[in-house]
Amino acid sequence: MARNKEDPFAHVREATLKHRAKHGCGAWPYDNGPLLGLLAGLADARRILECGCALGYTSISFAHGAPKAKVDTIERDSEHARLARENFAAEGFDKRITVHEGDFATVLPTLKEGYDVAFFDGSTPVPALHKTLHRLLKTGGVLITANLNHGGTANAVRTTLFDGKTWRSALVDEDGETAISVKL
Ligand SMILES: C[S@@+](CC[C@H](N)C(=O)[O-])C[C@H]1O[C@@H](n2cnc3c(N)ncnc32)[C@H](O)[C@@H]1O
């Protein structure tokens, strides 16, 4: 298969879009997998945590960009988890990516602290989950938060990300959809 040079996993993103169109589910793939992979590589990440796996596009992008990293990704939809595992095996990442099936609120407390990078891409960000992500990251660890434009609880998360006490943050895009933050 000829790979897209700008995004070698564009076909997984495409498959996710098709899946969502067919099922009307919440599998909205993130816009820019290569950016995530690059950030994780720059952080020389060994442990990456993801909330919102869908069919695995961003987990694969992280594992590709940070070749020494293991990725823990959380997904409550069992069909998404099954298809993601298939994609991890097909791309040769099944030894480095683990899908934890269940709700973020149930799975996050079971994980060990010390992550280098965390990514929230599960519907609307929620303050309580961000507090848990802060605990799970090491000091100086990087958090990427998507869906900050969803309103509601996302507004409170945005406020916390820019409080200057727990995080140092920057918005990635003009419309303020994604923030990158460092744990202080
Ligand atoms: C936006 S999609 C993730 C897209 C994925 N990161 C990618 O770029 O392909 C969000 C996913 O999170 C899952 N999800 C949403 N809320 C969840 C929760 N509270 N616990 C576990 N999974 C959740 C949905 O089932 C969906 O598959």
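This report describes the ligand site and the cysteines of a predicted model.

**Ligand site**

The ligand occupies the largest pocket. Its surroundings comprise 18 residues, and the closest of these are Tyr30, Gly52, Thr58, Glu75 and Asp121. By residue class, the shell around the ligand consists of 7 nonpolar, 6 polar and 5 charged residues.

Polar contacts to nitrogen atoms of the ligand are listed below, with the protein side given by residue and atom type.

| Residue | Protein atom | Ligand atom | Distance |
|---|---|---|---|
| Gly52 | polar backbone atom | nitrogen | 2.8 Å |
| Phe104 | backbone N or O atom | nitrogen | 3.0 Å |
| Asp103 | polar side-chain atom | nitrogen | 3.2 Å |

Gly52 and Phe104 thus appear with backbone atoms, whereas Asp103 contributes a polar atom of its side chain. Gly52 is also one of the closest residues to the ligand. The ligand taken alone exposes 600 Å², and the protein buries 92% of that area.

**Cysteines**

The search for disulfides covered the whole structure and found 0. Cys51 takes part in no disulfide, and the nearest cysteine sulfur to it belongs to Cys53, 11 Å away. For Cys53, likewise in no disulfide, the nearest cysteine sulfur is that of Cys51, at 11 Å. A disulfide requires the two sulfur atoms to lie within 2.5 Å, so a separation of 11 Å does not qualify.

Are these two cysteines buried or exposed? Cys51 has a relative accessibility of 1% and therefore counts as buried, the limit being under 20%. Cys53 has a relative accessible area of 2%, so Cys53 is buried by that criterion as well.

Terms used: Residues are numbered from 1 along each chain as its sequence is written. This is a predicted model: local features need pLDDT of at least 70, side-chain atom pairs count only at pLDDT 80 or more; totals for chains, interfaces and linings use all residues. Side-chain values use heavy atoms; hydrogens and water are left out. A residue is near a molecule or strand if one of its heavy atoms lies within 4 Å of it. A polar contact is a pair of N or O atoms within 3.5 Å; within protein, one must be able to donate a hydrogen and the other to accept it, and residues adjacent in sequence count only if both atoms are side-chain atoms. Accessible areas come from the Shrake-Rupley method with a 1.4 Å probe; for residues, only the protein chains shown count as cover. On a 1 Å grid over the protein atoms alone, a cavity is a set of points where a 1.4 Å probe fits but cannot get out, and a pocket is an open set with protein on both sides within 12 Å along at least five of seven lines; lining residues have an atom within 4 Å of a point. A molecule sits in a cavity or pocket if more than half of its atoms lie within 2 Å of its grid points. Ala, Val, Leu, Ile, Met, Phe, Trp, Tyr, Cys and Pro count as nonpolar, Asp, Glu, Lys and Arg as charged, and the others, Gly among them, as polar. Buried means under 20% relative accessible area, exposed over 50%, partly exposed in between (1.4 Å probe, protein chains only).
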